[in-house]
Amino acid sequence: MRKKTGFPSEKLFVLHERLIEELSQHPLIKPLFITDIGFFPKAKYHYRERAEGSSSYILLFCIAGEGWVKLGSSGKQHVQKHDLIVIPPNMPQSYGAAEANPWSIYWIHFTGILAEHYFELLPLQENKMQLSGASPIQWIKLFDSCYDTISEKIYSLPHCIYANQLLQQMLSLPSLQPADPSNQASSNCVDRSIEYMKQQLSANLTVGQLAEFVHLSRSHYLSVFKRVTGISPMHYFMRLKIQQACQYLDFTDCSIKEISLKVGFQDPLYFSRAFHKIIGQSPSDYRKIMKG
C-alpha cells in the first residue's frame, strides 16, 4: 500500500501558483522562498515518485522511524532519525517510509535565485547528512515558527518575508557541522586551534606550532583547517589579529605603533599594509569613521 498524504496530525500547506508568482517578485523574497511545507508523523505507507524530478529543491528531515530515498540511477539510500536530505531540481526521485518502522518527516519545497548557493553550502554526502547535538531541536523550532507564520498569515507580506528568512536559517544551521560525524574530531581540533590563536594574538605563531598544539601533523592540520573554514590557518590568524586591532582603534587611544605591537607586528608599516589589505583602508582612516 502507498499513500502521499492523510496522516494523523499531519501539517500541510501549499502556496498556490498565483501567490508564488506575486511573492517571488519581491526583492526580499525572490532570493529564497518556500512553495510547499509540511510534516507527516508516523507516515505509514508514505510514498512519492517523480520520474522527471521537481522544479524546486526538496528538503526532507526525518525525526523518527526510518525510510528510504532513491535519486537518479543510484540505489536506495536508507534514511533514519536525524537524517536530512536535500534533492535538487529536475532529479528523478522516489522516496517512502519503511513499513515496519515508518518515518516521521518534516519537508519543505523551496526555490529562488539563491537556492543553489544555499544547497552548495550544505555539507551533504550523496545529498544526505546527519544533524547532531542540539541542531535537531533548533531546526524543529525554526520549522514550527516558519510553518505557523506561513499557514496563519501568508497574505501578510511582512510575515511572509519573516517566514522565508527562517528558511535561510534552516538551511544555514546544518552547514555548521560536518556531514560525517567521524569528522567531528577534526572540527573540534580546528575550534581548539582558533581559541589558541585568540589567546596568542601578540605572538607570531607558525603552522607547525598550531598543528603541534592540536596534536596533528602539519600537512594534516593544513588540510583539516582549510576544509572546515575555507581558508588557511595563517590567513585566519591574520584576520583575527586585524579584528583585534579594530577593537583597539575603536575603544582605546593607543597609537598605531602601540596597536601594531599588541597584535604581533614589529613593523608598523607592515601592520598598516596588512590592515589595509583586509579592511580596505588604513588604520588611521578606519579610526576616523564614526561608529554606532
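**Checking the terms against the values**

Me: Why is Phe 119 called buried?
Reply: Phe 119 has a relative accessible area of 18%, and buried means under 20%, with exposed over 50% and partly exposed in between (1.4 Å probe, protein chains only), so Phe 119 is placed among the buried residues. The model is a predicted one, in which local features need pLDDT of at least 70 and side-chain atom pairs count only at pLDDT 80 or more, whereas totals for chains, interfaces and linings use all residues. Residues are numbered from 1 along each chain as its sequence is written, and side-chain values use heavy atoms, with hydrogens and water left out.

Me: What does Phe 119 touch, and where does this residue sit?
Reply: Phe 119 belongs to helix H2 (residues 115-121), where a helix is a DSSP run of H or I with at least four residues, a strand is a run of E with at least two, and both are numbered from the N terminus. Setting aside residues up to four places away in sequence, Phe 119 touches Tyr 57, Val 86, Pro 88, Leu 124 and Asn 127, a contact being heavy atoms within 4.5 Å. Between Phe 119 and His 109 there are 12 Å in space, C-alpha to C-alpha, and 10 residues in sequence.

Me: What makes S1, S2, S9, S4, S7 and S10 a sheet, and which strands are at its edges?
Reply: These six strands form an open sheet in the order S1-S2-S9-S4-S7-S10, with antiparallel pairing, and two strands count as a pair if DSSP finds at least two bridges between them. S1 and strand S10 (128-130) are the edge strands, each pairing on one side only. Neighbouring strands in this sheet are turned by 15 degrees against each other on average, direction ignored. S2 and S9 are joined by seven bridges in the antiparallel sense, which meets the requirement of at least two; within this pairing, the partner of Ile 37 is Ile 108 in S9.

Me: How do you know that S5 and S8 pair, and what is the order of their sheet?
Reply: Five bridges join strand S5 (residues 67-71) to antiparallel strand S8 (residues 93-97), and Leu 71 has Gln 93 as its bridge partner in S8. Both belong to an open antiparallel sheet of four strands, in the order S3-S8-S5-S6. Strand S3 (47-50) and strand S6 (77-79) are at the edges with a single partner strand each, so one side of each has no neighbour in the sheet.

Me: Why is Ser 94 called buried?
Reply: Ser 94 lies in strand S8 and has 9% relative accessibility, so this serine counts as buried. Its contacts, not counting residues up to four places away in sequence, are Tyr 47, Arg 48, Glu 49, Trp 68, Val 69 and Lys 70.

Me: How do you know that the length of helix H3 agrees with its residue count?
Reply: The expected span is 1.5 Å times one less than the number of residues, which for the 19 residues of H3 (residues 135-153) gives 27 Å; the end C-alpha atoms are also 27 Å apart, so the two agree.

Me: Where does H3 lie with respect to the strands?
Reply: H3 lies across S1, S2, S4, S7 and S9 and runs at about 115 degrees to S2, axes being lines fitted to C-alpha atoms (for helices over the stretch in contact) and angles running from 0 to 180 degrees between N-to-C directions. H4 packs on the sheet as well, touching S2, S4 and S9, at about 70 degrees to S2. The buried residues of H3 include Trp 139, Ile 140, Leu 142 and Phe 143, and among the elements covering its buried residues are strand S2 (33-40), strand S9 (104-111) and helix H4 (157-172).

Me: Why is the pair of Trp 139 and Phe 143 called stacked?
Reply: Rings of Phe, Tyr and Trp (its six-membered ring) pair if their centres lie within 6.5 Å, and planes under 30 degrees apart count as stacked, over 60 as edge-to-face and the rest as tilted. The centres of Trp 139 and Phe 143 are 5.8 Å apart with 20 degrees between the planes, so both limits are met. The two residues are four apart in H3, about one helical turn. Ring pairs also link them with Phe 39, Phe 61, Tyr 106 and Tyr 147 into a cluster.

Me: What makes the charged end of Lys 76 sit over the ring of Trp 68?
Reply: The term requires NZ of Lys or CZ of Arg within 6 Å of the ring centre and within 35 degrees of the ring normal; the charged end of Lys 76 is 4.1 Å from the centre of the Trp 68 ring. Lys 262 sits over the ring of Tyr 248 in this sense too, 5.4 Å from its centre.
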